[in-house]
Amino acid sequence: MFKKEKFAGQKACVLGFGRSGRAIAELLYAHGFDVLISEQAVFPNADSVHLSKGIEVELGGHTDKVFECGFWVKSPGVLPFSPVLAAGKKRKIPVFSELETALSFMPKGIRIFAVTGTNGKTTTTTLLGEVLKEDALNRGNGRSVYVCGNIGNPVSKIASAVKPGDDLVIEVSSYQLEDSTYFRPNYACILNVTPDHLDHHQGMKNYIKAKGKVLKNQRERDVLVVNGADAVCAELVEKAKGEVLAFSTHPKHLLKTDVFFDGDELIFSKGQQIRPPQLKGIHNVENAMAASLMALTASVPADTVQDVFNRFQPMEHRIEPFAYHRGIVYVNDSKATNLDSTITALKSFDKGSNVWLILGGRDKGASYEVLIPYLKDYCKRVLTIGEAMDKIERELKGYPVTRCGTLEKAVETAMNGASRGETVLLSPACSSFDQFKDYEERGRVFKRLVDAHIFKDRTDKKK
């Protein structure tokens, strides 16, 4: 466990120049530590990043300076099998996660809500955060609610502002959990566990192990909310020490559930009834179940949950319909960076061969063959982009595929080929890092390209 008193006077090395790395570097520097940020990659726009002048930065490789530091803080995106980590281990340099280091600077007496899972984390975290904020406002007790982690601000970014009595709602990725040893959320949630980030974790076993760390240190008075129809969740809860609550919309579940969906409302075992938000897809009903269970167990009134759900709007880049032209609907699901997310997106539509699906990007290790039954049920054609094109085309085994290469070419192909009543869906099942900074940039570019084509079509029509 990181204790600032133990390492006082020692220089800190932060591995990774990403958002989390920069945030923890600033936090350590603000508390009197000398800090070196060391990054393996080259950042072309690094000069435009504002950092405190006393923070030292090296880019494009790790020098021997890292071994002169008393301890390291590993950013979530740094690969666990990186040579620099192996070298540090040999030298017995203490390595801490950004998450746990940030929490060590916070006061006692806060409530920590942690949401993890392969899919649905951001929607569930946002729903829960809004509910807790509404509850704090209604009570007028001065409690602040911070939504952070893998969504928005890193935990390090808000650490200095947190006071006793506040709530932290943290979206926790497998990257963050794999580095955590002592992390203990008062309320934890595992939404689902399906293959993802297998390249990073070097297999499903390590991925599951990372997810399981969210409950590892919980105690009897803590709460764990899980998907009752998920086989991995059912296995993980065997090690749970606190209260376990389960949700599921699936008729066959492995755990006794504490809430079910009657097609209109969420019905809870303790008698509450709440209508879920008006979000597309049954997966969002389950996200609402998870957020509700965590909130209700934390003594939030059902009326408060309902008020927030009534006004909650669809989130950008998550099965987001954003344009309608010539009878064709355009949907941005750029957040779908794994196969299960893409399957979820397809299942949110009516069956029929009317979806033009844009697939591809940087591959994450799973097989695209699992998509074939869903492509047959929902899709008219697949348009491939990015580094994963060859693998996608090989594994889809003759399914109608058009090789596009770029998102721009895919949009052009879809808009020229799609007919009234059909849908053009960006749901890539891959990460964005081959061609874009992140999934958000990919989604924004997709929307801009579609809007530009629609504008040109309308302009040409007027001539």
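# Close-up views of a predicted model

**Figure 1. Cys-404 and Cys-189, two cysteines outside any disulfide.** Cys-404 counts as buried, with 11% relative accessibility. The model shown here and in the other views is predicted. Searching the whole structure turns up zero disulfides. For Cys-189, the nearest cysteine sulfur belongs to Cys-233 and is 8.2 Å away. A disulfide requires the two sulfur atoms to be within 2.5 Å, so at 8.2 Å Cys-189 and Cys-233 do not form one. For Cys-404, the nearest cysteine sulfur is that of Cys-379, 14 Å away. Cys-189 is also buried, at 0% relative accessibility.

**Figure 2. Strand S1 and its two parallel partners.** S1 spans residues 12-15. Ala-12 and Val-14 point one way, Cys-13 and Leu-15 the other, and all are buried. In a regular strand, side chains alternate between the two faces of the sheet. Strand S4 (residues 71-74) runs parallel to S1 and is joined to it by four bridges. Within that pairing, Cys-13 has Trp-72 of S4 as its bridge partner. Strand S2 (residues 35-38) also pairs with S1 in the parallel sense, again over four bridges. Here Val-14 stands opposite Ile-37 of S2. Helix H1 (residues 19-30) completes the unit: S1, H1 and S2 make a right-handed β-α-β arrangement.

**Figure 3. Two nonpolar cores.** The largest nonpolar core holds 52 residues. Leu-28, Phe-71, Met-106, Leu-168, Ile-170, Phe-183 and Ile-190 have the most contacts inside this core. A second core, separate from that one, has 38 residues, including Leu-127, Cys-189, Val-300 and Ala-302. The close-up centres on Ile-190. Beyond its neighbours within four places in sequence, Ile-190 touches Thr-116, Lys-211, Val-214, Leu-215, Leu-224 and Val-225, among others. Its contacts also include Val-226, Asn-227, Cys-233, Leu-236 and Phe-247.

**Figure 4. A six-stranded open sheet with helix H12 packed on it.** The strand order is S15-S16-S20-S17-S18-S19, and the pairing is mixed. Strands S15 (320-325) and S19 (401-405) are the edges, each pairing on one side only. From one strand to the next, the twist averages 20°. Helix H12 (residues 339-347) packs on this sheet and touches S17 (355-360), S18 (379-385) and S20. The directions of H12 and S17 make about 170°. Strands S16 (residues 328-332) and S20 (residues 423-426) run parallel, joined by four bridges. Val-331 has Leu-425 of S20 as its bridge partner.

**Figure 5. Strand S17, enclosed on both faces.** Six of the six residues of S17 are buried, so the strand is largely enclosed by the rest of the structure. Val-355, Leu-357 and Leu-359 point one way. Trp-356, Ile-358 and Gly-360 point the other way. S17 pairs with S18 in the parallel sense over six bridges, and Leu-359 stands opposite Thr-384 of S18. To get from S17 to S18 the chain passes through helix H13 (residues 372-378), in a right-handed β-α-β crossover. S17 also runs parallel to S20, joined by four bridges. In this pair, Val-355 has Thr-423 as its bridge partner.

**Figure 6. Asp-434 in the loop after strand S20.** This loop lies between S20 and helix H16 (439-462). Leaving aside neighbours within four places in sequence, Asp-434 contacts Gly-361, Arg-362, Gly-386 and Glu-387. Ile-385 is 49 residues from Asp-434 along the chain, yet their C-alpha atoms are separated by 10.0 Å.

**Figure 7. Helix H11 and two positive phi values in its flanking loops.** Most residues other than glycine have a negative phi. Ser-299 has a phi near 70°. Ser-299 sits in the loop between helix H10 (282-297) and helix H11 (302-311), and is exposed, with a relative accessible area of 51%. Ile-319 has a phi near 45°, also a positive value in a residue other than glycine. Ile-319 lies in the loop between H11 and S15. Unlike exposed Ser-299, Ile-319 is buried, at 8% relative accessibility. H11 itself has Ala-302, Thr-304, Val-305, Gln-306, Val-308 and Phe-309 as its buried residues. Their cover includes helix H4 (121-139), strand S14 (273-274) and H10.

Notes. Residues are numbered from 1 along each chain as its sequence is written. This is a predicted model: local features need pLDDT of at least 70, side-chain atom pairs count only at pLDDT 80 or more; totals for chains, interfaces and linings use all residues. Side-chain values use heavy atoms; hydrogens and water are left out. Buried means under 20% relative accessible area, exposed over 50%, partly exposed in between (1.4 Å probe, protein chains only). Two strands pair if DSSP finds at least two bridges between them. A crossover is right-handed if, with the strands pointing away from the viewer, the path from the first strand over the helix to the second runs clockwise. A nonpolar core is a set of buried Ala, Val, Leu, Ile, Met, Phe, Trp, Tyr and Cys residues joined through side-chain atoms within 4.5 Å. Contact means heavy atoms within 4.5 Å. Axes are lines fitted to C-alpha atoms, for helices over the stretch in contact, and angles run from 0 to 180 degrees between N-to-C directions.
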